[in-house]
Amino acid sequence: MKRLLLTGAAGGLGSAMRGRLKGLAEIVRVSDIVDLGRVAAHEEAMVCDLGDRAAVDRLVEGCDAIIHLGGISVEDKFSKIMNANLLGLYNLYEAARANGMPRILFASSNHTIGFYRQDEYLDHEMPMRPDGLYGVSKCFGEALARMYFEKFGQETALVRIGSCMEKPKNHRMLSTWMSYDDFLSMIECIFSVPRLGCPVIWGCSNNDTRWWDNSHVSYLGWQPKDNAERFRAEIDAAVARPKPGDTIAVYQGGPFIDDPIFAED
Ligand code: NAI
Ligand code: 15L
């Protein structure tokens, strides 16, 4: 492909994936609301607030595919979530509609279903149970993407990412972790499969204690290779094991369950 857009490229996950995307496209257009640092030879940088419709139109123009990581990534004030995750997503989909409907990977989250208990095994058809306003914004994103698919045929992968970081940080993440390598192989499948549709994809590695069933997307050919279990001894040694009744040990959304509704200034 000629040009791949990566939003949220200055964030934790964007920074980790950025270099790994070389080879997927001739040009990777990296974007964020903050400075993007050093720009590699295969990259072009565009600073852009997702809440700015005209800027998002310019951002999407000429792109053949979009990995949308940009936005508020934890619980926050509604006004901040509203600009980046609600208005920002609407802006992105309208820009995509005006620019040939490039395939989109939407970074949704396990916080769309955070109120399920950890002893429940979920499939993609189970009702959403968001654990905060951030989770609600990801439910909105999934619904918006679905509407653009039904109405216009816009394809999107709704990736409900668990915990995508270098390695799991606590006992809960032994279930939710997705390695960068597995995310990259998922990205490759999403952008190469002949027909994507608009599926929910659970974003976790092949963890022994995973909670989510991806059998409905076997047509993607995605086979995660990593397994958080290899970090168990390290986590046992470094992190106190939560008590059986602790939120982090009961709910899939872990600590997000206890977040308040943050007051506006
Ligand atoms: P992050 O917070 O490190 O990165 C998000 C980026 O979006 C930041 O660089 C921020 O500057 C940018 N951003 C915020 N508001 C913006 C706006 N109005 N306009 C343009 N850019 C804006 O988050 P992280 O961990 O890198 O996650 C990336 C995406 O993946 C997020 O959408 C997050 O919700 C989702 N996700 C990540 C998970 C993880 O384990 N890292 C788990 C589940 C979902
Ligand atoms: C998310 O949605 C967050 O963006 C990320 O920071 C992690 O906390 C992750 O979920 C998680 O649940 O571990």
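This section describes the sheet of a predicted model, the pairing of its strands and the packing of two of its helices.

The sheet is open and consists of seven strands in the order S3-S2-S1-S4-S5-S6-S9, with parallel pairing. Its edges are formed by S3 and by strand S9 (200–203), each of which pairs on one side only. On average, neighbouring strands of this sheet are turned by 20° against each other, direction ignored. In general, the strands of a sheet pair through backbone hydrogen bonds, in either the parallel or the antiparallel sense.

Strand S2 spans residues 27–32, and five of these six residues are buried, so S2 is largely enclosed by the rest of the structure. Strand S1 (residues 3–7) pairs with S2 in the parallel sense, and four bridges connect the two. Within this pairing, Ile27 in S2 is the bridge partner of Arg3. Between S1 and S2 the chain passes through helix H1 (residues 12–18), and the resulting β-α-β crossover is right-handed. S2 is also joined to strand S3 (residues 43–47), with which it runs parallel, by five bridges. Here Asp32 has Val47 in S3 as its bridge partner.

Elsewhere in the sheet, strand S5 (residues 103–109) and strand S6 (residues 156–161) run parallel and are joined by six bridges. Leu105 stands opposite Ala157 in S6. Helix H4 packs on the sheet and touches both S5 and S6; the direction of H4 makes about 155° with that of S5. Because angles over 145 degrees count as roughly antiparallel, H4 and S5 are roughly antiparallel in direction.

H4 (residues 133–152) also lies alongside helix H3 (residues 78–98): the axes of the two helices come within 10 Å and cross at roughly 15°. As angles under 35 degrees count as roughly parallel, H3 and H4 are therefore roughly parallel to each other. The crossing in which H3 passes H4 is right-handed. On the H3 side, the residues that meet H4 are Phe78, Ile81, Asn85, Leu86, Leu89, Tyr90, Tyr93 and Arg97. Their counterparts in H4 are Leu133, Tyr134, Ser137, Phe140, Gly141, Leu144, Tyr148 and Phe152. H4 thus has contacts with H3 as well as with S5 and S6 of the sheet.

Definitions and conventions:
Residues are numbered from 1 along each chain as its sequence is written. Chains are lettered from A and ligands numbered from 1 in the order in which they are written. This is a predicted model: local features need pLDDT of at least 70, side-chain atom pairs count only at pLDDT 80 or more; totals for chains, interfaces and linings use all residues. A residue is buried if 20 or more other C-beta atoms lie within 10 Å of its own, exposed if 12 or fewer, and partly exposed in between; C-beta atoms are placed from the backbone. Two strands pair if DSSP finds at least two bridges between them. A crossover is right-handed if, with the strands pointing away from the viewer, the path from the first strand over the helix to the second runs clockwise. Axes are lines fitted to C-alpha atoms, for helices over the stretch in contact, and angles run from 0 to 180 degrees between N-to-C directions. Angles under 35 degrees count as roughly parallel, over 145 as roughly antiparallel, 65 to 115 as roughly perpendicular and the rest as oblique. A crossing is left-handed if the near helix is turned anticlockwise from the far one by less than a right angle, and right-handed if clockwise. Two residues are in contact if their C-beta atoms, placed from the backbone, lie within 7 Å.
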